[in-house]
Amino acid sequence: MEIYTLLEEDHRKASMIFEQLKLVPGRAFEKREQLFLKLKAELEAHSEAEEAVFYTRLMKKETMERTLAESYAEHHKIAELLNELTSMAVNNDEWMLKCNTLQALVTGHVSKEENVIFEKA
């Protein structure tokens, strides 16, 4: 299977989990936590593999340096938000707001990756 297909599949999985999180009823904290832990594992594994395999190959292209530096920074911010969410109780009012921030960051990152990086790769 081509690396682009694998990355896109990971992107869709994360998107589906974000949507499932939004559908969790307000007091179903255990379900929210289970989904978040699944999302966290998916995003961490994706970032690690993407950096080790995909970005490493692209760093050889001079035209990609700035774009990849931005992508590494986005991965770092995503990891920070995941850690912050992990340290918060899912029943905290701020938790869902921070999760929405994470979703916006991931969505923007995915869009740039699929529409800019894949094109240049």
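# Close-up views of a four-helix model

**View A. Met96 is found in helix 4.** Here a helix is a DSSP run of H or I with at least four residues, numbered from the N terminus. This is a predicted model, in which local features need pLDDT of at least 70 and side-chain atom pairs pLDDT 80 or more, while totals for chains, interfaces and linings use all residues. Residues are numbered from 1 along each chain as its sequence is written, and side-chain values use heavy atoms, without hydrogens or water. Because its relative accessibility is 21%, Met96 counts as partly exposed (buried is under 20% relative accessible area, exposed over 50%, partly exposed in between; 1.4 Å probe, protein chains only). Look around the side chain and you will meet Leu21, Lys22 and Arg32, its contacts once neighbours within four places in sequence are set aside (contact means heavy atoms within 4.5 Å). Along the chain, Gly108 lies 12 residues from Met96, with 18 Å between the two C-alpha atoms.

**View B. Helix 1 has buried residues on one face.** Buried in helix 1 are Ile3, Leu7, His11, Ala14, Ile17, Phe18 and Leu21. Seen down the helix axis, these residues fall within an arc of 125 degrees, so they line one face (the arc is taken over directions from the helix axis to the C-beta atoms). The partners of this buried set are helix 2 and helix 4, against which its residues pack. Turn to the face away from the buried side and you will find the exposed residues Met16 and Leu23. The 21 residues of helix 1 should span 30 Å at 1.5 Å a residue, and its end C-alpha atoms, 31 Å apart, agree with that (the expected span is 1.5 Å times one less than the number of residues).

**View C. Helix 3 packs its buried residues against helix 2 and helix 4.** The buried residues of helix 3 are Thr67, Leu68, Ser71, Glu74, His75, Ile78, Leu81, Leu82 and Leu85. For its 23 residues, a rise of 1.5 Å a residue should give 33 Å, and the end C-alpha atoms are indeed 33 Å apart.

**View D. His46 and Glu113 touch each other.** His46 has its place in helix 2, while Glu113 belongs to helix 4. His46 counts as buried because its relative accessibility is 8%; Glu113 is also buried, with a relative accessible area of 0%. Leaving out residues up to four places away in sequence, His46 touches Leu7, Asp10, His11 and Glu113. On the same basis, Glu113 touches His11, His46, Glu50, Tyr55 and Phe118. Notice that His11 appears in the contacts of His46 and in those of Glu113. For a longer reach, compare Glu113 with Phe36: they are 77 residues apart along the chain, and 23 Å separates their C-alpha atoms.

**View E. The largest cavity is lined by residues from helix 1, helix 2, helix 3 and helix 4.** A search of the whole structure finds 1 cavity of 30 Å³ or more (1 Å grid points over the protein atoms alone where a 1.4 Å probe fits but cannot get out; lining residues have an atom within 4 Å of a point). Its volume is about 100 Å³ (space filled by probe spheres on points joined across faces, edges and corners). Asp10, His11, Ala14, Glu42, Leu43, His46, Ser47, His75, Ile78, Val106, His109 and Val110 form the lining. Helix 1 (3-23), helix 2 (29-58), helix 3 (65-87) and helix 4 (93-120) each provide at least two lining residues, and helix 2 gives the most, with 4. Familiar faces return here: His46 from View D is in this lining, and His75 and Ile78 are among the buried residues of helix 3.

Notes. On a 1 Å grid over the protein atoms alone, a cavity is a set of points where a 1.4 Å probe fits but cannot get out, and a pocket is an open set with protein on both sides within 12 Å along at least five of seven lines; lining residues have an atom within 4 Å of a point.
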